[in-house]
Amino acid sequence: MAVRRVIAHLDADAFYATCHELRDPSLKGRPVVVGGSGPRSIVTTASYPARRFGVGSAMPMSRALRLCPEAVVIAPDRELYTSTSQRVWTLVAEAMLAAGAVCDGEEGPIAHLEQAGIDEAYAELVRLEKPLAFLRGLIADVREQTGIQLSAGVSPSRLISKISSDLEKPAAFVVLSREQALERLAGRPLSIVPGIGPKAAETLAGLGFRTLSDLARAEPAALLEHFGESRGTWLAQVADLSVDVPLQPVRLRKSISSENTFEQDVDADAARDPEAAARLREQIEQMALEVAQGAVRRGFRGRNVAIKVRTAAWRTYTRATTLPQYTDEPARVVAEALRLWDEHRPDEPVRLIGVRLGSFEHVERAERGAAGGAQDGPDGGTGGVRQLRLVLDPAEG
DNA sequence: TCTGGGGTCCTAGGACCC
DNA sequence: TCTGGGGTCCTAGGACCC
């Protein structure tokens with residue numbers, strides 16, 4: 001008998017906004033918009049009352065305020081989200097371990113859980129007799145103990161579960177087989193599929209494929225021709241919702257970066273504005289330091305240093321070097337970033353600059369720790385529940 | 001509506017080695 | 001003197017996600 005897979009996608013509703021509401025209950029029920037206050041800031045998360053005004057993620061704040069002038073704008077608070085997130089996913093991991101939904105890790109059992117962001121995760125409910133009852137209980141516990149409401153999509157695959165959890169938010173609990181999903185999603189635009197963004201959607205629309213059922217009629221050969229081997233094959237599998245990628249309970253970080261968009265463009269040409277040019281150089285130095293210190297804190301050493309520049313005209317470029325040895329020495333990272341900057345500094349106004357450190361050496365060991373334990377260190381932790389710590393604090397969007 | 005900051009993954013092309 | 005093909009490492013750009 002074939003083993004029936006049950007994969008849940010768990011996604012916190014309006015996570016950032018809810019974190020703030022939990023800290024300040026007077027915000028509850030009001031149109032809360034999390035985001036910066038500068039002229040170029042965008043909305044990170046909008047509470048459901050704010051969404052009723054048409055406010056949404058990634059929207060320029062200026063537009064959000066035009067749509068909803070009475071919105072309460074709140075500056076993002078990383079630490080608040082990280083600590084709340086840890087409480088939520090620790091609870092989930094512990095419940096799964098207690099219930100026996102575990103896989104083997106090098107150092108013992110790990111919950112069959114893949115964190116996919118600060119506010120979402122996939123859980124594979126192996127060896128549970130009543131997975132749905134378990135999930136409902138878990139979601140109720142999480143809400144009681146943390147105040148966070150999780151939406152759930154449950155199906156035989158990550159893709160279907162991910163799409164499903166989004167269908168009836170907030171507080172969704174959508175259970176679908178592949179066949180039921182094919183029927184229910186047939187007329188939906190392809191943009192509901194994670195991995196099909198604006199560009200791919202446009203290309204597909206040009207070929208006459210706008211919905212999932214359109215795509216199901218596509219010749220696989222045509223998809224391969226337009227999208228190449230890898231993506232073409234994937235799209236063909238999306239069409240019948242047969243995409244199936246195993247969970248990755250432990251993931252390694254690949255890079256650490258820091259970048260900043262200026263409220264106004266800054267002239268990088270030293271001849272025209274030496275002071276501005278000096279400020280930019282200092283910022284590169286500062287960011288390189290930050291990034292290197294982040295690596296030190298986490299016990300990583302990298303080999304690849306890169307800078308990123310976006311000009312006022314929205315031309316974006318990166319310049320990178322690979323060092324002969326791995327390093328976490330701030331002075332080394334700073335020196336490389338400054339060298340790249342000096343060699344590739346634009347002579348036109350810039351809107352963004354950034355620094356990244358990558359190509360980490362930590363192959364030998366997964367980045368994980370005891371959930372809710374120490375904040376950092378490759379194996380830092382209390383030795384309790386083992387859980388991926390992977391994506392540390394990805395912003396929402 | 002003029003577009004953040006943190007990431008991941010993929011592709012193309014060049015250098016270099018055998 | 002001209003020319004092979006595969007593999008690896010690296011850079012750069014871009015799509016995409018939260």
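Guide: Buried means under 20% relative accessible area, exposed means over 50%, and partly exposed is whatever falls in between. Keep that in mind as we look around this predicted model.

Visitor: Okay, why is lysine 162 called partly exposed?

Guide: Its relative accessibility is 21%. That value is not under 20% and not over 50%, so lysine 162 counts as partly exposed.

Visitor: And what about glutamate 120, buried or exposed?

Guide: Glutamate 120 has a relative accessibility of 14%. The cut-off for buried is under 20%, so glutamate 120 counts as buried.

Visitor: What makes glutamate 120 and lysine 162 a salt bridge?

Guide: A nitrogen and an oxygen of their side chains are 3.1 Å apart. The rule asks for a Lys or Arg nitrogen within 4 Å of an Asp or Glu carboxyl oxygen, so this pair qualifies. By this rule the model has 21 salt bridges.

Visitor: Which parts does the pair of glutamate 120 and lysine 162 tie together?

Guide: Glutamate 120 sits in strand 8 and lysine 162 in helix 6 (residues 158-165), so the bridge ties together parts that are 42 residues apart in sequence.

Visitor: How do you know that aspartate 342 and arginine 281 meet in a salt bridge?

Guide: By the same kind of check: their N to O distance is 2.9 Å, and the cut-off is within 4 Å, so the pair passes. This one links distant parts of the chain, with aspartate 342 in helix 12 (residues 330-344) and arginine 281 in helix 11 (residues 274-298), 61 residues apart. Aspartate 342 has a relative accessible area of 37% and arginine 281 has 34%. Both values lie between 20% and 50%, so both residues are partly exposed. Elsewhere, Arg332, Glu336, Arg339 and Glu343 are joined into one network by salt bridges that share partners.

Visitor: Now the helices. Why is the crossing of helix 1 and helix 4 called roughly perpendicular?

Guide: The axes of helix 1 (residues 15-23) and helix 4 (residues 78-99) come within 10 Å and cross at roughly 95°. Angles from 65 to 115 degrees count as roughly perpendicular, so the label fits helix 1 and helix 4.

Visitor: Which residues make the contact of helix 1 and helix 4?

Guide: Helix 1 brings Phe15, Tyr16, Cys19, His20 and Arg23, while helix 4 brings Leu80, Tyr81, Thr84 and Ser85. They divide into 5 nonpolar, 3 polar and 1 charged.

Visitor: How many residues does the largest nonpolar core have?

Guide: This core has 41 residues, and Leu10, Val92, Met96, Leu125 and Leu150 have the most contacts inside it. Helix 4 gives the most, with 8 residues. There is another core apart from it, of 29 residues, including Ala276 and Leu357. As a general matter, nonpolar side chains in soluble globular proteins tend to be buried together.

Visitor: What is leucine 150 in contact with?

Guide: Leaving aside neighbours within four places in sequence, its contacts include Leu10, Val88, Trp89, Val92, Ile139 and Ala171.

Visitor: One last stop: leucine 212, buried or exposed?

Guide: Leucine 212 belongs to helix 9 (residues 212-216). Its relative accessibility is 3%, and buried means under 20%, so leucine 212 counts as buried. Among the residues it touches, beyond those up to four places away in sequence, are Leu185, Leu190, Val193, Val238 and Leu241. Leucine 182 is 30 residues from leucine 212 in sequence, and their C-alpha atoms are 8.1 Å apart in space.

Terms used. Residues are numbered from 1 along each chain as its sequence is written. Chains are lettered from A and ligands numbered from 1 in the order in which they are written. This is a predicted model: local features need pLDDT of at least 70, side-chain atom pairs count only at pLDDT 80 or more; totals for chains, interfaces and linings use all residues. Side-chain values use heavy atoms; hydrogens and water are left out. Axes are lines fitted to C-alpha atoms, for helices over the stretch in contact, and angles run from 0 to 180 degrees between N-to-C directions. Helices (H or I, at least four residues) and strands (E, at least two) are DSSP runs, numbered from the N terminus. Angles under 35 degrees count as roughly parallel, over 145 as roughly antiparallel, 65 to 115 as roughly perpendicular and the rest as oblique. Contact means heavy atoms within 4.5 Å. Ala, Val, Leu, Ile, Met, Phe, Trp, Tyr, Cys and Pro count as nonpolar, Asp, Glu, Lys and Arg as charged, and the others, Gly among them, as polar. A nonpolar core is a set of buried Ala, Val, Leu, Ile, Met, Phe, Trp, Tyr and Cys residues joined through side-chain atoms within 4.5 Å. Buried means under 20% relative accessible area, exposed over 50%, partly exposed in between (1.4 Å probe, protein chains only).
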